[in-house]
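Reader: Please show me the protein chain, and then let us discuss its fold, its core and its charged pairs in turn.

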Amino acid sequence: RKPLDTEDEPPKKRHEVGHGQAVAAHYNELQEVGLEKRSQSRIFYLRNFNNWTKSVLIGEFIDRVRRKKSDITVLDLGCGKGGDLLKWKKGRIKKLVCTDIADISVQQCKQRYEDMKARCRYNEHIFDAEFIQADSTKDHLSTKYSDPDMRFDICSCQFVYHYSFETYEQADMMLKNACGNLSPGGYFIGTTPNSFELVKRLEASETNSFGNEVYNVKFEKKGDYPLFGCKYDFHLEEVVDVPEFLVYFPLLEEMAKKHGMKLVYKMTFREFYEEKIKNEEHKMLLRRMQALEPYSTSGDSRLVSDNPDDYEHAKEF
Ligand code: SAM
């Protein structure tokens with residue numbers, strides 16, 4: 001029963017309730033771990049590989065924009081604790097807006113930025129930044145910017161967009177937030193689980209779940225995959241234990257057209273890796289970031305994890 005003082009409130013619409021608070025609580029509770037502990041983690045190589053993928057993607061689109069203009073403004077939608085701050089610094093952008101539903105993550109992201117700024121040497125460039133706690137599937141981000149007319153050259157949404165596919169309204173609001181304030185010619189870039197792969201693995205499984213020692217994906221049932229609200233529980237050691245939603249990419253592409261967007265490209269992680277690794281700089285970066293070559297058959301032992309589970313999941317997305 002609702003408390004008395006809310007009894008007269010109109011019933012909430014479907015998209016006004018949902019899993020957002022559970023997701024925020026989960027990410028808020030995640031502890032930051034030091035470098036040493038991280039390197040002992042069973043998902044060390046997976047994390048590094050994901051990070052390498054984001055670095056290459058972000059670097060590529062910064063270069064595309066820089067060919068047209070020098071002052072680059074970016075929206076990091078679902079910034080988390082600021083895992084991509086260094087990438088934006090390396091990209092010498094001018095301004096960054098970081099936003100996330102999890103307030104503690106936003107605070108940690110801000111602190112990380114302040115620390116990074118304090119460590120800058122005299123004359124070293126660092127972008128200006130602002131930090132916003134908001135649910136991007138429900139709130140209008142533009143009302144929260146320091147300048148409501150702020151325009152972005154890039155909106156980066158890394159491992160976040162799938163949380164929005166709970167309802168059409170939420171997915172559309174997140175797209176509006178991602179694309180509505182882009183400058184003409186601006187880019188919406190991101191990474192999200194591959195729903196085709198998820199369904200393929202589920203259908204091949206004898207139960208409603210699949211995975212290994214490190215990760216597990218559990219659906220409520222097989223054979224019925226609604227376009228919105230197709231929830232699965234994703235567990236990944238040390239990182240995630242939250243409900244997520246399938247994103248049917250052709251639908252996302254159609255919905256994005258409404259916001260004036262045109263698909264530039266879409267690749268699986270494997271396709272992206274196979275294309276980008278041909279570039280010597282990207283290959284060097286992969287080594288420096290200690291990301292194993294997950295699809296390599298070269299048998300280079302320095303790059304190959306002893307733990308086959310690291311491989312398995314790296315292939316996942
Ligand atoms: N983008 C960061 C990165 O790549 O390191 C964090 C990725 S983490 C897997 C997913 C993030 O999405 C979490 O920080 C979570 O709080 C955020 N998130 C989930 N739902 C959201 C929503 N509705 N609005 C804004 N952020 C959301």
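**Fold, core and charged pairs**

Author: In the protein chain, residues 24 or more positions apart account for 67% of the contacts with a separation of 6 or more, where contact means heavy atoms within 4.5 Å. This is a predicted model, in which local features need pLDDT of at least 70 and side-chain atom pairs count only at pLDDT 80 or more, while totals for chains, interfaces and linings use all residues. Residues are numbered from 1 along each chain as its sequence is written, and side-chain values use heavy atoms, with hydrogens and water left out.

Reader: How many helices and strands are there in the protein chain?

Author: Helices (H or I, at least four residues) and strands (E, at least two) are DSSP runs, numbered from the N terminus. On that basis, the protein chain has eleven helices and nine strands.

Reader: What percentage of the residues in the protein chain is buried?

Author: Buried means under 20% relative accessible area, exposed over 50%, and partly exposed in between (1.4 Å probe, protein chains only). The accessible surface of the protein chain comes to about 17000 Å², of which 49% belongs to carbon and sulfur atoms; such areas come from the Shrake-Rupley method with a 1.4 Å probe, and for residues only the protein chains shown count as cover. Of the 317 residues in the protein chain, the buried share is 50%.

Reader: Which helix gives the most residues to the largest nonpolar core?

Author: A nonpolar core is a set of buried Ala, Val, Leu, Ile, Met, Phe, Trp, Tyr and Cys residues joined through side-chain atoms within 4.5 Å. The largest one has 35 residues, of which F49, W52, L85, W88, I93, L96 and F127 touch the most other members. At least two residues of this core come from each of α3, α4 (85-90), β2 (95-100), α5 (103-119), β5 (182-191), α9 (269-276) and α10 (280-288). The element that gives the most, with eight residues, is α3.

Reader: Which residues are linked with W52 by ring pairs into a cluster?

Author: W52 touches residues including Y273, I277, L285 and M289, when residues up to four places away in sequence are not counted. Rings of Phe, Tyr and Trp (its six-membered ring) pair if their centres lie within 6.5 Å; planes under 30 degrees apart count as stacked, over 60 as edge-to-face and the rest as tilted. The count by this rule is 19 aromatic pairs. Ring pairs join W52 in a cluster with F49, F159, F269 and Y273.

Reader: What is the angle between the planes of Y113 and F127?

Author: Y113 lies in helix α5 and F127 in the loop between α5 and β3 (128-133), so the pair links parts of the chain 14 residues apart. Y113 is buried at 3% relative accessibility, and F127 is buried at 1%. The rings are stacked, 5.4 Å centre to centre, and the angle between their planes is 25°.

Reader: Which parts of the chain does the salt bridge of E213 and R42 tie together?

Author: A salt bridge is a side-chain nitrogen of Lys or Arg within 4 Å of a carboxyl oxygen of Asp or Glu. The structure holds 18 of them, and in the one between E213 and R42 the N to O distance is 2.7 Å. E213 is exposed at 59% relative accessible area, whereas R42 is partly exposed at 28%. The pair ties together parts 171 residues apart in sequence, because E213 is in the loop between β6 (209-211) and β7 (215-219) and R42 is in the loop between α2 (35-39) and α3 (44-66).

Reader: Which residues are linked with R64 in a network of salt bridges?

Author: R64 and E60 meet in a salt bridge of 3.2 Å, N to O. They are four residues apart in helix α3, which means that about one helical turn separates them. R64 is partly exposed at 22% relative accessible area, whereas E60 is buried at 17%. The network links R64 with E60, E275 and K276.

Reader: How far apart are the C-alpha atoms of D149 and N181?

Author: D149 is found in the loop between β3 and β4 (152-158), and D149 is exposed, with 57% relative accessible area. Along the chain, D149 and N181 are 32 residues apart, and the separation of their C-alpha atoms is 7.8 Å.
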